[in-house]
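Q: Got a minute to walk through this one with me? I'd like to start with the ground rules and then poke at the details.

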Amino acid sequence: MAITGTSVDYSNRLVDLSLYPNISTSGIPVIGNADTSRAIAGISKVAQNFSRILLTPLGKYRGYPLLGSNLMARIRGGFVNYDADLLHLFSGESMNVIIFMNSTAPADAPADELVYETTLSSYSAARGKFNLEIQLSTFANTDIKFLLPVIWNN
Amino acid sequence: MDTPITTLSFVPGLNLDDLSFTDLEILQAETLIAESISSRQTSLDVSPSSSIYDLVVRPKAVEYLLNRSQSFAIQATQSLKGVQLNPTLANDTVVDAILSNIGVARKTGTFASGNIRINVSKNITYSITANQVFTSQNGSTFKPTGAFVALSDPGATNLKLYATDVAGTQYFFLVPVIAINAGVSSQIPDGSSITTSLTIPNFISASTFGSFSGASEKESIDQLLLRIPEALSAKNRVSRVSLSSELKTKFPKVIDVSVMGYGDESLIRGSGKILPVKGGGFADVWVRTSLSAESVFLTTSATLDSISAAGVATCSCVIPATTYPGHFFVASVRLSVESQQYGSYAITGQTKSFVPSGHKILNATEGSLSAYQTTTVTFTVEREVGKLFPTAGEQFQVSVELLGIPLIKEIQDYIDDNNSRAAGVDYLVKASVPCLVYTSPITIYIDSSVKESDIQVAIYSYINNTKMGTPLAVDGVVSAIKSIAGVSKVSFPVEINGVVFCPDGSTISLTSYDSLVIPNRSDIQVEQSTVSFYISTDDISINAIVI
């Protein structure tokens, strides 16, 4: 069954619950609570999982020591003083997340659900919050860009 | 990890957290749950990166593990074997529930009771409220058995205020009290100093009047398990075990039963008068109904038989069979309601006899410790200067302290009941022959967390739970001491002593560094199977060294 509103045929795809609204292949959505329940697949699912795992503290879950990242711990720990710090931090942590996601993906996962790379396109900082603009590419040569707000000063 | 999951308290004592399980167990459970979901909803992504994994699989896996763990626990607690294989499950509730299936109930601890003597300086009316708390030096607390008023003319309902001397400079009254907490540590000895929580006017001092008794510890799981064979046996009078089982079921206070019947040397009833040939149809039922020997005080009339030239009066009184059936002996004669003026008392002898009954009893030894024994006690009273003194032949009141165990008559009556008694067997119920035990100082090395009273209670429990037929082993005493956490070592030798108060009125003294073995004196009904060991906590001497 095709997922409504997409241009990709998602028949026979494994779907996940959508936690965030408006993650799509167009525009720059803002991560937040979903307004309505829906199923997602493909690059939207990957983007959601990437952002969720990126914000999950590394080692939080028993049995999965490699699930999660140190991004938030490092930001809140005062490791980011310069632009380069954030770029460097994001690169390293996102790479670990990608490795985890791809290594635990089903063997028959479609190419647009395997992450090729992520980049921090830009970011802005204001009033204790980082807005991270992330571009995620898959092995199917599809891209998605989304905004990930991160509160760091609490 | 403090999360809503850990604080949900899904099962009492077993929170919804994953700390009880290994990483591998969690991983396997998550895989199982993921496969379960995936098999039902084939289109759902349940890979470890998915949201569903976070939202459903992870918590569901912990729930699954907890439920499985709880199921195993329930499965294990359905049998005593399972409980014994899993000592962590062997809590009182589980064991009690299992044993209730076969009609076995744990004996709960009982409370020590006795009287406290309050010394006051004026002859006025005193009130003791029910919320008064008396505290002994070892920290045991007691409450009055009710609200009391004490005065010199008490009438039928109040306590009597006694004058301690002719001059009337000091008075006292006795308050009946019961321990607030169960356990033998509250069995404090006669004359122990007591403090009060509420002020008593003209108060001088307070102390125990007679040793406190009647307390027992709550039955341990091990002790409870030992009773299972009897609980499962038929409850009738066919065999020793079944009779024991019947009595313990009917009288929960019965701790130990030893039946001496046909072929047993100590059964002297039924022997021929001329030839020592025993006929059948007789059995002595030796019972123990209390961990500790009880002190019972009663006021009775004594007669002054004679007065020596030195002014020492020889007196006597009789303890009838109905007063305290089966009592061991008279422990003391002292001041009583009407005779407090006379002087000091010393027991010089006591003779046992018996009253006729439906049972074949030929002599005092056979009737001793049964519901049909009587005791005549002789004692001297030494005149004290300034105190009144009776004349020859005069009767006066004394307070007599009897040592014994309860229920002898009640058990005899039950066995004799027309509706249930065994045809053709003459059962005579007797209190087991007492061997009163005391220890020489035992040197024990402990850390600062150990309380001496805990050691005393452990020794007390071991000795007083030793069954008839079993020697009292020093090994057992040492093991009881070592069972207390914080005890490092016990110095040897450990000396234990005992005095057997034989049915014929004689005594046998025993001392051993190994085990107290009762000598075979079946001619006076003393042998291992008729004797029980009794010790009170104040007869346990401990030399504790903190290291």
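What follows is a chat about chain B, its cores, its strands and one contact to chain A.

A: Ground rules: this is a predicted model, where local features need pLDDT of at least 70, side-chain atom pairs count only at pLDDT 80 or more, and totals for chains, interfaces and linings use all residues. Residues are numbered from 1 along each chain as its sequence is written, chains are lettered from A and ligands numbered from 1 in the order in which they are written, and side-chain values use heavy atoms, with hydrogens and water left out.

Q: Cool. How many helices and strands does chain B have?
A: Chain B has eleven helices and 28 strands. Those are DSSP runs numbered from the N terminus, with helices being H or I over at least four residues and strands E over at least two.

Q: And what share of chain B is buried?
A: Of its 547 residues, 49% are buried, where buried means under 20% relative accessible area, exposed over 50% and partly exposed in between, using a 1.4 Å probe and protein chains only.

Q: How much area does chain B expose?
A: About 24,900 Å², with carbon and sulfur atoms supplying 54% of it. The areas come from the Shrake-Rupley method with a 1.4 Å probe, and for residues only the protein chains shown count as cover.

Q: On to packing. Which residues touch the most other members of the largest nonpolar core?
A: B:Val285, B:Phe328, B:Ile455, B:Ile481, B:Val500 and B:Val526, out of 67 residues. Helix α10 (residues 452–464) of chain B gives the largest share of this core, six residues. A nonpolar core here is a set of buried Ala, Val, Leu, Ile, Met, Phe, Trp, Tyr and Cys residues joined through side-chain atoms within 4.5 Å.

Q: Is there just the one, or what else is there?
A: There's a second, separate core of 44 residues, and it includes A:Leu67, B:Ala34, B:Val62 and B:Leu65.

Q: Back to B:Val285: what is it in contact with?
A: Leaving aside neighbours within four places in sequence, the partners of B:Val285 include B:Leu243, B:Leu247, B:Val257, B:Ile415 and B:Tyr427. Contact means heavy atoms within 4.5 Å.

Q: B:Val500 was on that core list too. Which strand pairs with β24(B) over five bridges?
A: That's β20 (residues 433–439) of chain B, running antiparallel to β24(B), and B:Cys435 has B:Val500 as its bridge partner. Strands pair if DSSP finds at least two bridges between them. β24 itself (residues 496–501) has five of its six residues buried.

Q: What about the other partner?
A: β25 (residues 507–512) of chain B pairs antiparallel with β24(B) over six bridges. The two form a hairpin with five residues between them, and B:Gly505 in the turn has a positive phi of about 100 degrees.

Q: Why is strand β8 of chain B called largely enclosed?
A: Seven of the nine residues of β8 (residues 171–179) are buried, so the rest of the structure largely encloses that strand. β1 (residues 113–120) of chain B pairs antiparallel with β8(B) over eight bridges, and B:Ser113 sits opposite B:Ile178. β4 (residues 141–144) of chain B also pairs antiparallel with β8(B), over three bridges.

Q: Last topic: is B:Asp54 buried or exposed?
A: Buried, at a relative accessible area of 15%. B:Asp54 is in helix α2 (residues 51–76) of chain B.

Q: Which side chain does B:Asp54 make a polar contact with?
A: The side chain of A:Arg52, at 3.0 Å. A polar contact is a pair of N or O atoms within 3.5 Å; within protein, one must be able to donate a hydrogen and the other to accept it, and residues adjacent in sequence count only if both atoms are side-chain atoms.
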